[in-house]
Amino acid sequence: MISLLKSTRGLQRGMLVAGLILVSVFLILAVFAPWLAPYGFNETRVDGVPFGTQQPPSAEHWWGTTVGGQDVLSRVIYGARTAVAVIVLAVSFSLVIGVPLGLLSGFLSGPVDRALVLVMDALYAFPSLLLAIVVAIVVGGGSSGVVGGVLAAAIALTVVFIPQYFRVVRNATLAVKVEPYVDAARVVGTRTPRILFRHILANVRQSVPVIATLNASEAILTLAALGFLGFGIEPSSAAEWGYDLNKAMSDATNGIWWTGVFPGMAIVLMVMGVTLVGESLNDVLNPLLKARGGDTTTSDEEEISAEYAAAVAEAGLDSEVAEEAAAVDEDVRRVATLSLTDLAVTFRTGAAPVHAVKGVSFDVAPGEVVAVVGESGSGKSVTSRAVMGLLPATAVVSGSALLRAGSGGDSREMIGMSERKLRTVRGDQVSMIFQEPGTALDPVYTVGWQLVEMIRTHRDISKKEARARAVELLDLVGLPDPERRVDYYPHQLSGGQKQRVMIAMAIALEPDVIIADEPTTALDVTVQAAIIELLLDLRDRLGTAIVLITHNMGVVADVADRAVVMYRGEIVEQAPVDRLFAAPRHPYTRRLLDAVPHLGQGVGAPPVAEDAPAVLTMQGVTVEFAGRLGQPSFRAVDDVDLVVRRGEVLGLVGESGSGKSTLGRVAVGLQKATEGAVLIGDVDITSQSDRRLRSMRGRFGFVFQDPAASLNPHLTISECVAEPLKVQSDLSASDQRAKVAALLDRVQLPSSYAGRYPHELSGGQRQRVSLARALALDPDLLIADEPTSALDVSVQAKVLDLFSELQRDLQFACLFISHDLAVVDALANRVAVMRHGRIVEEGTRQEVLHAPREEYTRQLIAAVPVPDPAEQRRRRAARGALLTDVE
């Protein structure tokens, strides 16, 4: 309770304290009613002397007497006992029945799920009070005792509440059961009951206390309504507030107020107390509503800070050199379209303020592309949103962002501009391209409607003219068949096409500045290359200044004229890209560039002997997914043959949707193959039942793409790493702890981390934990599915070095799935290229990545930007029109 109160602040804490006080008062009344009440709830006389009916409050009866001659105060106190007993039983019964049913229904799906959903929807369709009355009549029957009456009321409420728990828990289970940490448990052979209660229930139960408290307040009102209507507990068995309100109705017209006011106040106060606790718990238990204090940092930031400190300590840093490296180019400032000067952003939190941006100054000239780069937490996106006025109300922005609009050169200060004035500037003079086009476009409107709305907001033209302009813009950004696709909804377009629509919206009014926030991060390399070509072409044709926010140094080398390097809210260096890449002045910039993998400079792993035993063999593997009603099935993997030998790293590359991840899941039995054979050693796992396959799962390891999602947030690091040992070995608890400590040491994590939870570690540290878990049983085969794509470049470099070292030492076979050809070039012995579910090219790393036979492979390689401006210009010239028709 103390820790719960400490986790709240301000109004939230006040609400929680007030709610707890009210609830505690009623609990005390319920437990100690016989000692606190002056009389019995049905008592009408003392020593043979009647109390008198409808007596006003007095020294003998503080709250007066009822029409039946009972003491009102005593009935209110005993009514609290009745209410608490019914509520506790109803909520407990609902939890015990509704939560397991929701858990099983969501996990099993199929006929069981459909049947349960049908029953629960039927119950939910009834008005809750009507349903409670029917159940109370059926269950109560002729029961007149206090126990029977309380049970009947509790069961009536239980039937009303069960569908609510069922629906919430089922929906949460449907979402959680597809999380990578559940797949991670399945990979090592964890049985269904353990998955249900250890992994799924642990992550859906946080909503249950909130539902319970809100149901408790509903139960108070429903119980009062039942009593008021005469369907509650027998009046001679227990005191009930609703019954008392019914009897007080006639009193109210005769000025006898006390018989109804005090029971009514009891109902209101109890509902208020329980509701306040429920709403406060909702805020406290919801991680999205928790504010981070200014005196805390995430572990990701701590790891990057350590990288920064190591770089500075190793190379030394002269203060004058650092100041010069971060200085603004005055020649650019004189003609700049956008000039930032000492821009600072601070977020107010419940604790100390968070200083996200600290005195940032840089400029972007007409027709210039300035790349703002840095790792997570550097303040790149916050800076751009501050310019656009898109930060939340908790942000305090200072400094200057001058926009010099048009040929006249009139300057406008963006910081502090009113929302009304900002609306006239956004889209017209400054526009923004967001990172994820799928979420930036409204899914319920066509892309043409969204373009037309934006154009007509700023220009006084007809719908017909705006639509013609929308078609013209879609044609300008290279969207095929714009006259027809202008009426498409966002979900009908590919990722690259949606990004083209976002760019069309950004350039619709020919703004002076475009801010592109990670515009290529979610795209495949070939689509990314096409988008980069489009941005450069638009820059050249329209003369627009572009601020490109990215963490991809290859894109910076490919597209930018100048680069601004940020670290923890400050600029550490800015310079023309050729100078920055050739001779970075700040040690952090040098360390950042050194960490970026460079296609063509990878050394890979030494070749494996041809007679090395095959660990994974795929023969004619095909995977089909059933289509929707009336639609054909989708073939995700099409007749794939593949072999991975002991000690070998096979890099599997290809674009999104090529079937890479599906093939990896098939290799460890997470996805059944429709046709073909999958052999681990000489055992075909496609013919194995789940029970027989469980004993083989000690031979598999799996490292997932997102290290945060692949670790159960409710388990400690020790418990996550030890799970394969618990499931597949007979080691004692002490031996398991020793093994976990050894595994953490092997992946270069201190044993003290064993007691931490995943959210207390950085991304790189979490991925090391995933590696430790995958290696816990000394597997023959490791599947690594995009294991570094979610990491910052410096952290990625460390994880890749560790992976290479472990693979050399342990000699496991590895299927390394990635879309990053530079990473594969650094790690793999052999490479296989997938497209549309088929292997289109396979060979040694040198053959596939440096002398490809297939046109598609050449397209992939040509599309990868390398972190060297001079080399990237040569690659751009050499590839010519190779990517023209990629999309």
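A salt bridge is a side-chain nitrogen of Lys or Arg within 4 Å of a carboxyl oxygen of Asp or Glu. In the structure above, which is a predicted model, a search of the whole structure finds 29 salt bridges. The points below begin with the annotated transmembrane regions and then turn to some of these pairs.

**Transmembrane regions**

- An unreviewed UniProt entry carries the annotation "transmembrane region" for residues 16-37, 83-104, 116-139, 145-166 and 256-278.
- One of these spans, residues 83-104, is 100% helix and 0% strand in the model, and its end C-alpha atoms are 31 Å apart.
- Another of the annotated spans, residues 116-139, is 92% helix and 0% strand, with its end C-alpha atoms lying 22 Å apart.

**A salt bridge between helices H9 and H29**

- Arg 194 and Glu 723 form a salt bridge in which the closest N and O atoms are 3.0 Å apart.
- This pair links distant parts of the chain, since Arg 194 belongs to helix H9 (residues 192-204) and Glu 723 to helix H29 (residues 717-728), and the two residues are 529 residues apart.
- Arg 194 counts as partly exposed because its relative accessibility is 28%, a value that falls between the limits of 20% and 50%.
- Glu 723, by contrast, is buried because its relative accessible area is 5%, which is under the 20% limit.

**A salt bridge within helix H20**

- The side chains of Arg 469 and Glu 472 meet in a salt bridge, with a distance of 3.2 Å from N to O.
- Because Arg 469 and Glu 472 are three residues apart in helix H20 (residues 463-476), about one helical turn separates them.
- Glu 472 has a relative accessibility of 47%, and it therefore counts as partly exposed.

**A salt bridge between helices H25 and H36**

- Asp 578 forms a salt bridge with Arg 873, and the closest N and O atoms of this pair are 2.7 Å apart.
- Asp 578 lies in helix H25 (residues 577-582) whereas Arg 873 lies in helix H36 (residues 869-879), so the salt bridge ties together parts of the chain that are 295 residues apart in sequence.
- Asp 578 counts as partly exposed because its relative accessibility is 36%, and Arg 873 is also partly exposed, with a relative accessible area of 46%.

**A network of salt bridges**

- Glu 624, Arg 635, Asp 638 and Arg 838 are joined into one network by salt bridges that share partners.

Key: Residues are numbered from 1 along each chain as its sequence is written. This is a predicted model: local features need pLDDT of at least 70, side-chain atom pairs count only at pLDDT 80 or more; totals for chains, interfaces and linings use all residues. Side-chain values use heavy atoms; hydrogens and water are left out. UniProt positions are given in the numbering used here, feature names are shortened, and annotations may be inferred rather than shown by experiment. Helices (H or I, at least four residues) and strands (E, at least two) are DSSP runs, numbered from the N terminus. Buried means under 20% relative accessible area, exposed over 50%, partly exposed in between (1.4 Å probe, protein chains only).
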